[in-house]
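Reader: I should like to examine how the labels attached to this model follow from their criteria. Please set each value against its cut-off.

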Amino acid sequence: MNPDASLITALVERWRPETSTFHLPCGEITITLEDVVTLSGLAIDGDAVVVDIPDEEWSAICLRLLGRVPVDLVGGVAVVRIVWLRVEFRW
């Protein structure tokens, strides 16, 4: 999926952070969890994906699954950020 820069710009201009809604000519709208599920294909039910993996194993798993290892730490914990995935894989 290629993002449409002009569409994103138009939506940013109409976003109202005080109400977390978009103000459009047809009215006020917001993004729901159902919208996120439909657009992303992510499941919203079931267990959260959270595991405790030692750093040395985490790096090996990232390398095996992604072919690369992010060097980003948050509070001393290694994480894979969406921004990193977008940059590395041009997503």
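Author: Let us begin with aromatic pairs: rings of Phe, Tyr and Trp (its six-membered ring) pair if their centres lie within 6.5 Å, and planes under 30 degrees apart count as stacked, over 60 as edge-to-face and the rest as tilted. A search of the whole structure by this criterion finds two such pairs. The model is predicted: local features need pLDDT of at least 70 and side-chain atom pairs count only at pLDDT 80 or more, whereas totals for chains, interfaces and linings use all residues. Residues are numbered from 1 along each chain as its sequence is written, and side-chain values use heavy atoms, with hydrogens and water left out.

Reader: Why is the pair of Trp15 and Phe22 called edge-to-face?

Author: The ring centres of Trp15 and Phe22 are 4.7 Å apart and the planes meet at 65°. The limits are 6.5 Å for the centres and over 60 degrees for the planes, so the pair is edge-to-face.

Reader: What makes the second pair, Trp84 and Phe89, edge-to-face?

Author: Here the centres lie 6.0 Å apart and the planes stand at 85°, so Trp84 and Phe89 are also an edge-to-face pair.

Reader: How do you know which of these four aromatic residues are buried and which are partly exposed?

Author: Buried means under 20% relative accessible area, exposed over 50%, and partly exposed in between (1.4 Å probe, protein chains only). Phe22, at 11%, is therefore buried, and Trp84, at 17%, is buried too. Trp15 has 32% and is partly exposed; Phe89, with 34%, is partly exposed as well. For the protein chain, buried residues make up 8% of the 91 residues.

Reader: What makes Arg68 count as lying over the face of Phe89?

Author: A charge sits over a ring if NZ of Lys or CZ of Arg is within 6 Å of the ring centre and within 35 degrees of the ring normal. Arg68 is 4.6 Å from the ring centre of Phe89 and lies over its face.

Reader: Why is the contact of Glu88 with Arg68 called a salt bridge?

Author: The term requires a side-chain nitrogen of Lys or Arg within 4 Å of a carboxyl oxygen of Asp or Glu. The closest N and O atoms of Glu88 and Arg68 are 3.5 Å apart, which means that the pair satisfies the 4 Å limit. One salt bridge is found in a search of the whole structure. The pair links distant parts of the chain, 20 residues apart: Glu88 is in helix H4 (residues 82-89), and Arg68 is in the loop between helix H3 (55-66) and strand S4 (73-74). Glu88 is partly exposed at 29%, and Arg68 is partly exposed at 34%.

Reader: How do you know how many helices and strands the protein chain has?

Author: Helices (H or I, at least four residues) and strands (E, at least two) are DSSP runs, numbered from the N terminus. On that basis the protein chain has four helices and five strands, in the order α-β-β-β-α-α-β-β-α from the N terminus on.

Reader: What makes S1 and S2 paired strands?

Author: Two strands pair if DSSP finds at least two bridges between them. Strand S1 (residues 15-16) and strand S2 (residues 21-24) are joined by two bridges and run antiparallel, so the criterion is met. Trp15 stands opposite Phe22, and Arg16 stands opposite Thr21. The two strands form a hairpin with four residues between them, and Ser20 in the turn has a positive phi of about 55°.

Reader: Why are S1 and S3 called edge strands?

Author: Three bridges join S2 to S3, also antiparallel, and His23 has Glu28 as its bridge partner in S3. A hairpin through two residues connects S2 to S3. The three strands form an open antiparallel sheet in the order S1-S2-S3. S1 and S3 each pair on one side only and are the edge strands.

Reader: Why is Ile31 called exposed?

Author: The relative accessible area of Ile31 is 52%, so this residue is exposed under the over 50% criterion. Ile31 is placed in the loop between strand S3 (27-29) and helix H2 (33-40).
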